[in-house]
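Colleague: I'm new to reading protein models. Could we go through this one together, one question at a time?

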Amino acid sequence: MSDTILDVRDLSVQFQSASSMDRANVVKAVDGISFQVKKGQTLGIVGESGSGKSVTSLAVMGLVPCPPGKLTSGELWFYPATQQRSNGQASGSVNQGATKVDLRKLPLRTLQQYRGDKISMIFQEPMSSLNPVYTCGYQLVEAIQQHETISKAEAQQRAIALFQEVKLLPSDAILQEECIGAWRLKNGRLTNSELENSELQNGELQNGELQNNETPKLEPPADEVSAYVNRRKRAMFDRFPHELSGGQLQRVMIAMAICCNPSLLIADEPTTALDVTVQAMILDLLRELRDRRGMAMMFITHDLSIIAEIADTVAVMYKGKIVETGSVDQIFADPQNAYTKGLLTCRPRPEQRLKCLPTVADFMDVSQTSNGETIIKEKERSIEDVLTLNTCVSADEMESRLTQLKAQKPLLSIKNLQVGFPVKGVLGQLERYVMAVNGVSFEVFPGETLGLVGESGCGKSTLAATLLQLIKPMGGQVIFDGHDITQMGRRELRALRKEMQIIFQDPFSSLDPRMSVGKAIAEPLQIHREGGNRRQRRVRVGELMDRVGLDPNCIDRFPHEFSGGQRQRVCIARALALRPKFIICDESVSALDVSVQAQVLNLLKGLQEEFGLTYIFISHDLSVVKFMSDRIMVMNQGKIEEIGPADEIYDHPQKAYTKDLIAAIPKGTLEQIEHRQTERKNALKVS
């Protein structure tokens, strides 16, 4: 036990419906789980939404809302570590304390001191965790002073050091080099080595000639360098949350979590919905901080491929229970539980193209008794058996399909499309345009899926909105089914929208919470006066719900009564209501659990085959795009980096940007896990 930081024993958490005190309305969110987290190690907790992962982390932090939540049993033994700091910063080491405490029995005031000081948490959504009216620096200083008696100036100094540690800011040395480089460029001061590599030959400079091979003065005044470094630091310190990207906000949250050098760091879905490149950087940062500071870490996610990148041990949760636990290489090499096998196989595998993705249902059947008890029946299948049943698409089949698609007349032709957003000056006058889409041209053929991939801010969603004329372009043409829709009037465009639909990223925000799902699906039929009378439309809605895998008897339920995957199915049914030819899927699976994601991707493929649909499938995840797409188009800073057959783009990318996107995809292979574990052991031996 000497290296144990957290020992959870038989933890149970239940929630009771606010509308009734009936025992039948009690939900066991966590049901008798036990695990340990060790010093310098990462425990990965993985499972679908509703499995109890986040409730477990809230229980450790003492943040389960009561009522309606309640810890009904269990012990939360925490072994405090002595924290050593010098000059206001963490020294990077924690020493095991002599006593242990049960977090459940601590007085509230004492528990509040433990939070943030000895146990910290990174929440899933950084924007909702930060106060929008205060600067990021102010909020970090507040967190530091909450737990330590230091002056405001000392807290600000440590806050800036933390920003540098989480790589929101470069180090002082790099900032000084930036200043010197800018000064040299401005004043034409070059070293002899720089001079040899420059276009200025024979010792000639813009301001004269070098005499006797003398090196010109290279350094700006020291006070100028110091002022520049301080300005850069202050600029980051004074930024508000809305001025930072998602990845930067997550780094602010990490800085806040480690500001008091905690013994245990809990990361609850810290990379969900981030670009794969940003996700890779956040994972690298968390690994580096863990190893340098010797922290224990609980990393919560629904994606086992991410767990492979960071965890040492893994606990798989399902319906409030831990169904399997073991080292990360054991879980990936020889999973024992059917649910674990399902999670491992349902994510698209870039190295092979399957006609249909495996799901958890391929490994287990789940049913409920009349009294609400869950019954799980495992199927005697190995991962290899299931992958064999889900046949692969050969290279010849893909080549033949692409040839047939390109033999048709394009359904959609984009020619030199340009979309810019105005930037106004101090006095409100137009200063310039930021080009979100800059000279884009491509074609989409009937029945094709064109994958559109790129990082946040590359112009994907702006392009999608422009294709539907939700944003008016500055120039170029959008020709759909032979008609230039950029020249259409309002009435013509409204009629054409029956043929063009979109499935948005967040199904909850795209559904009216006051409208039943039946009315939401029927709304397009009502607007375009199709589907007959009310009774006939209701029948049509029931057929659509059945087709997308929803129970038609739930037609009068509201969005909040459905899970995330079910709400996305409602949005798909609504998009199909008018029998369109063309659908844009804008990040439609990025926020879903991998198991639900597999179900939705299979559904979209099946609907395409049944109705002859044409898709533009937008995502930042190349592995998902490759599974769905015939061709892939990569966007970067409003322009097309490259476009071509999906397998060719993935296997033989031409541009460095595409190579970086592919390299950032979590592979989750056993070889990669073993390589990372060996690297870490060697690094720890050296340190």
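Colleague: Which side chain meets Asp647 in a salt bridge?

Modeller: Keep in mind that we are looking at a predicted model. Asp647 sits in helix H23 (residues 646–651), and its partner sits in helix H22 (residues 622–628). The two are 21 residues apart, so the pair links distant parts of the chain. With an N to O distance of 3.3 Å, the partner of Asp647 is Lys626.

Colleague: Is Lys626 buried or partly exposed?

Modeller: Let's use the cut-off: buried means under 20% relative accessible area. Asp647 has 23%, so Asp647 is partly exposed. Lys626 has a relative accessibility of 4%, and therefore Lys626 counts as buried.

Colleague: How many salt bridges does the count come to?

Modeller: The rule asks for a side-chain nitrogen of Lys or Arg within 4 Å of a carboxyl oxygen of Asp or Glu. The pair of Asp647 and Lys626, at 3.3 Å, is a salt bridge. By this rule, the count comes to 29.

Colleague: How many residues apart are Lys321 and Asp31?

Modeller: These two form a salt bridge, and their closest N and O atoms are 3.0 Å apart. Lys321 belongs to strand S14 (residues 321–327), while Asp31 belongs to strand S2 (residues 26–38). Lys321 is partly exposed at 41%, and Asp31 is partly exposed at 21%. The pair links distant parts of the chain, and the separation is 290 residues.

Colleague: Which residue does Asp238 meet in a salt bridge?

Modeller: Asp238 is partly exposed, with 33% relative accessibility. Its partner is also partly exposed, at 40%. The N to O distance is 3.1 Å, and the partner is Arg234.

Colleague: Which residues are linked with Glu165 in a network of salt bridges?

Modeller: Here a whole group is linked, and the group includes another glutamate, Glu288. On the Lys and Arg side, the network has one lysine and two arginines. The residues linked with Glu165 are Lys167, Glu288, Arg292 and Arg293.

Colleague: What phi does Asp10 have?

Modeller: A little background helps: most residues other than glycine have a negative phi. Asp10 is found in strand S1, and at 42% relative accessibility Asp10 counts as partly exposed. Although Asp10 is not a glycine, its phi is positive, at about 50°.

Colleague: Where is Asn261, and is Asn261 buried or exposed?

Modeller: Asn261 also has a positive phi, near 55°, in a residue other than glycine. Asn261 is found in the loop between helix H9 (246–258) and strand S11 (264–268). Its relative accessibility is 0%, so Asn261 counts as buried.

Colleague: How are helices H20 and H21 placed, roughly parallel or roughly antiparallel?

Modeller: Helix H20 covers residues 564–576 and helix H21 covers residues 594–611. They pack at an angle of about 15°, with their axes 10 Å apart, and their crossing is right-handed. Angles under 35 degrees count as roughly parallel. H20 and H21 are therefore roughly parallel.

Colleague: What is the C-alpha separation of Ile5 and Gly40?

Modeller: Ile5 lies in strand S1 (residues 4–16), and Ile5 is buried, with a relative accessible area of 1%. Ile5 and Gly40 are 35 residues apart in sequence. In space, C-alpha to C-alpha, they are separated by 9.3 Å.

Colleague: How many residues along the chain lie between the positions of Thr313 and Gln41, counted as a separation?

Modeller: Thr313 is in strand S13 (residues 313–318), and Thr313 is partly exposed, at 31%. The C-alpha atoms of Thr313 and Gln41 are separated by 8.0 Å. Along the chain, the two residues are apart by 272 residues.

Colleague: What is the C-alpha separation of Thr449 and Phe582?

Modeller: Thr449 lies in strand S19 (residues 449–453). Its relative accessibility is 0%, so Thr449 counts as buried. Thr449 and Phe582 are 133 residues apart along the chain, and their C-alpha atoms are separated by 9.8 Å.

Colleague: Which residues make the nonpolar surface patch of about 300 Å²?

Modeller: One of them is Tyr138, which is in helix H4 (residues 136–147). Tyr138 is partly exposed, with a relative accessible area of 38%. The patch is made by Val133, Tyr134 and Tyr138.

Methods. Residues are numbered from 1 along each chain as its sequence is written. This is a predicted model: local features need pLDDT of at least 70, side-chain atom pairs count only at pLDDT 80 or more; totals for chains, interfaces and linings use all residues. Side-chain values use heavy atoms; hydrogens and water are left out. Patches are made of residues with over 30% relative accessible area and no salt bridge: like charges are joined within 9 Å, nonpolar side chains (Val, Leu, Ile, Met, Phe, Trp, Tyr) within 5 Å. Accessible areas come from the Shrake-Rupley method with a 1.4 Å probe; for residues, only the protein chains shown count as cover. Helices (H or I, at least four residues) and strands (E, at least two) are DSSP runs, numbered from the N terminus. Buried means under 20% relative accessible area, exposed over 50%, partly exposed in between (1.4 Å probe, protein chains only). Axes are lines fitted to C-alpha atoms, for helices over the stretch in contact, and angles run from 0 to 180 degrees between N-to-C directions. Angles under 35 degrees count as roughly parallel, over 145 as roughly antiparallel, 65 to 115 as roughly perpendicular and the rest as oblique. A crossing is left-handed if the near helix is turned anticlockwise from the far one by less than a right angle, and right-handed if clockwise.
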